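Here is a short, friendly tour of the model in front of you. Keep the 3D view open as you read.

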Amino acid sequence: MVNAAKVLQDLRASAERKPDVVVRLGKPLIDSGAVLKLDADAWLVYEQVAIAALDMGDDALALKCIQALETKFPGSPRVRRLQGMQLEASGKLAEAGLIYKAILEEDETNVLASKRQVMLLRAMGLPSEAISALVKYLDINYTDFEGWLQLADLYLDELMYAQAAFCMEEVLMLQPQNHIFHLKYAEILYTQDNFQLALKQFCRVVELCRDHVRGLYGIKMCASRLLKAAPSKDAAAATSHEDLEAMDLLATERLIALYGAPGAAAESSKVAATKWIEIQ
Amino acid sequence: MLLDPAIRDWVLIPIMIVMVLVGVVRHQVTVLLNGTPKKADLKSARETKALQRCGLLRAHGVHIPEHAFHGRKAFLSEAFEKGTYLKETNTGNKPRGNVMQDPAYVETMMDGMKKNMMNIVPQTVIMGWINFFFSGFVLVKLPFPLTVRFKGMLQRGVETHDMDVSWVSSLSWYFLNLFGLQSVFTLILGSGHAADAMRDMQAMSTMGMGAAAGPNLSPTGQPQDMHKIFLAEKENLDLTEHEWGLENVETRLLVKYGKKPASVLLDQKKAKIAKLAGRQATKEFAAVAAPSAAAANASRKKGRRQV
């Protein structure tokens with residue numbers, strides 16, 4: 001039991017979203033009542049398990065947690081937001097919206113409720129309203145990189161690549177060490193036909209995460225595109241021809257080596273990859 | 001010299017118990033007085049976040065390409081200049097009114113006053129009580145000898161020269177309790193209690209303003225002019241030059257995979273420094289040239305006026 005509590009605490013601290021683990025560990029704790037031995041931490045566990053249970057579709061467990069929290073903290077905005085999420089999970093979007101609205105009327109700075117409201121609009125299929133709500137939210141809570149990521153996703157759904165790229169730049173400034181974000185930015189740039197910049201970003205991905213396959217594919221695609229295209233006008237900013245060839249070679253070599261490693265991939269995908277690389 | 005056991009039962013222990021009880025009551029009253037924490041205001045949050053945003057751009061601008069950096073720089077510069085992020089947009093150049101009329105400021109002041117009162121009143125009452133009833137009492141004999149220097153600390157209120165230093169007077173017993181009961185309170189009330197007299201004393205010496213000050217109050221408690229802070233930040237931003245971290249990423253990657261010798265990177269760095277130095281020199285030249293040109297212009301104008 002102590003170990004389960006410890007794991008749950010670690011998950012809370014790292015903000016990882018592993019609902020299956022949380023429900024598996026948390027359910028016996030709550031069902032047996034052992035959770036109450038954790039004192040003040042008990043309520044954090046209740047909240048954590050409630051959200052995980054909603055993720056897993058275990059409505060009975062979620063309801064149990066939320067009710068326990070409700071009796072302990074009646075009228076708390078944090079609990080009401082959980083109730084709103086529960087309503088969302090059961091498809092009652094309008095009612096959930098009313099709850100979030102009420103929380104925000106009491107305290108306009110409530111971050112959790114304003115974030116839920118944005119997602120509610122998205123779930124209702126109103127992307128442009130969701131975008132404007134999220135832009136308003138980010139104007140105040142500028143440092144929330146998850147918000148910027150979400151906004152980038154919303155813009156991508158609307159095929160607004162320039163705006164999505166802007167959002168990803170903000171994410172890069174807030175979380176510069178995460179190669180996944182660099183990859184996303186690089187792919188947006190590639191879609192915008194900005195191969196020169198995309199190549200640099202793909203390089204950054206591979207630099208941060210050695211032998212990142214998707215990054216290597218990106219380098220290969222950008223390099224071959226740039227090699228085929230006429231030499232660009234502003235030669236100063238562009239990568240030199242030799243460098244491009246070297247990059248292309250490097251990516252090809254690494255990809256073949258990665259797919260060739262024993263047990264790395266199925267035979268069919270290995271063949272497909274080699275074929276693709278040869279065509280490029 | 002012998003001490004009457006009645007002194008122990010009716011003076012020594014009651015003083016200690018009273019002090020503990022007063023500490024507990026003080027804790028409860030402070031909790032009641034503090035009430036709900038003050039709600040943050042959306043606009044002041046936006047104000048502080050804007051400053052943070054500018055700081056981030058200056059620190060982490062390395063990670064975004066040239067065009068992205070310059071776009072943001074221009075936007076923030078203009079926004080700061082115009083005061084887009086200010087809480088009250090029109091107070092920019094209006095002379096500030098009396099601070100005492102600002103409700104937020106008065107509230108912070110009141111909070112500090114309340115805390116100080118909570119500290120002063122009970123301590124004064126207890127000290128008065130001890131002085132009135134037990135002045136001149138000797139309560140304890142310490143089981144160890146002490147040097148004469150401790151006389152002032154242990155025998156306050158009993159002005160005799162000849163008494164041994166290990167005897168403790170009533171007033172000194174009060175002071176010993178005042179400073180010594182801290183850990184007892186931690187045992188009873190848990191950590192972070194408000195019965196701690198020492199902390200209040202420290203708070204009193206700084207007038208209790210340091211901790212109570214809000215986000216846009218300076219340490220002296222005066223509200224700051226955010227527009228000025230924004231302008232200063234704008235200046236900082238204007239001075240920031242963009243240096244892109246991915247300038248030579250291809251070479252770095254090739255070096256990392258051993259396709260190029262590491263010395264290439266070093267050569268690039270040297271070349272860059274040389275280029276920068278060259279640019280610096282031309283700038284200096286321009287700076288020297290500019291004033292003389294301006295002077296020439298001015299003299300020409302003067303000449304025209306004279307004509």
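## Domains of chain A

The domain assignment, which comes from an automatic or database source, splits out domain 1 (1-74) and domain 2 (190-280) in chain A. Their C-alpha centres lie 45 Å apart.

Before going further, a word on the ground rules. This is a predicted model, where local features need pLDDT of at least 70, side-chain atom pairs count only at pLDDT 80 or more, and totals for chains, interfaces and linings use all residues. Residues are numbered from 1 along each chain as its sequence is written, chains are lettered from A and ligands numbered from 1 in the order in which they are written, and side-chain values use heavy atoms, leaving out hydrogens and water.

## Helix H15 and its two sides

Take a look at helix H15 of chain A, residues 267-279 (helices are DSSP runs of H or I with at least four residues, strands are runs of E with at least two, numbered from the N terminus). Its 13 residues reach 19 Å from first C-alpha to last, close to the 18 Å expected at 1.5 Å a residue; that expectation is 1.5 Å times one less than the number of residues.

Which residues of H15(A) are buried? They are A:Lys270, A:Ala273 and A:Ile277, where buried means under 20% relative accessible area, exposed over 50%, and partly exposed in between (1.4 Å probe, protein chains only). These residues cover an arc of only 70 degrees around the axis, which puts them on the same side of H15(A); the arc is taken from the directions from the helix axis to the C-beta atoms. An α-helix has 3.6 residues a turn, so residues three or four places apart point the same way.

On the other side of H15(A), A:Glu267, A:Ser268, A:Lys275, A:Glu278 and A:Ile279 are exposed. The cover over the buried residues includes helix H13 (213-228) and helix H14 (241-260) of chain A.

## Two loop residues in chain A

A:Ala15 sits in the loop between helix H1 (2-14) and helix H2 (19-32) of chain A. Although A:Ala15 is not a glycine, its phi is positive, at about 55 degrees. A:Ala15 counts as exposed, with 65% relative accessibility.

A:Asp211 lies in the loop between helix H12 (195-208) and H13 of chain A. A:Asp211 is not a glycine either, yet has a positive phi of about 60 degrees.

## Chain B

Chain B has 12 helices and 2 strands. Of its 307 residues, 32% count as buried.

Definitions and conventions. Contact = heavy atoms within 4.5 Å.
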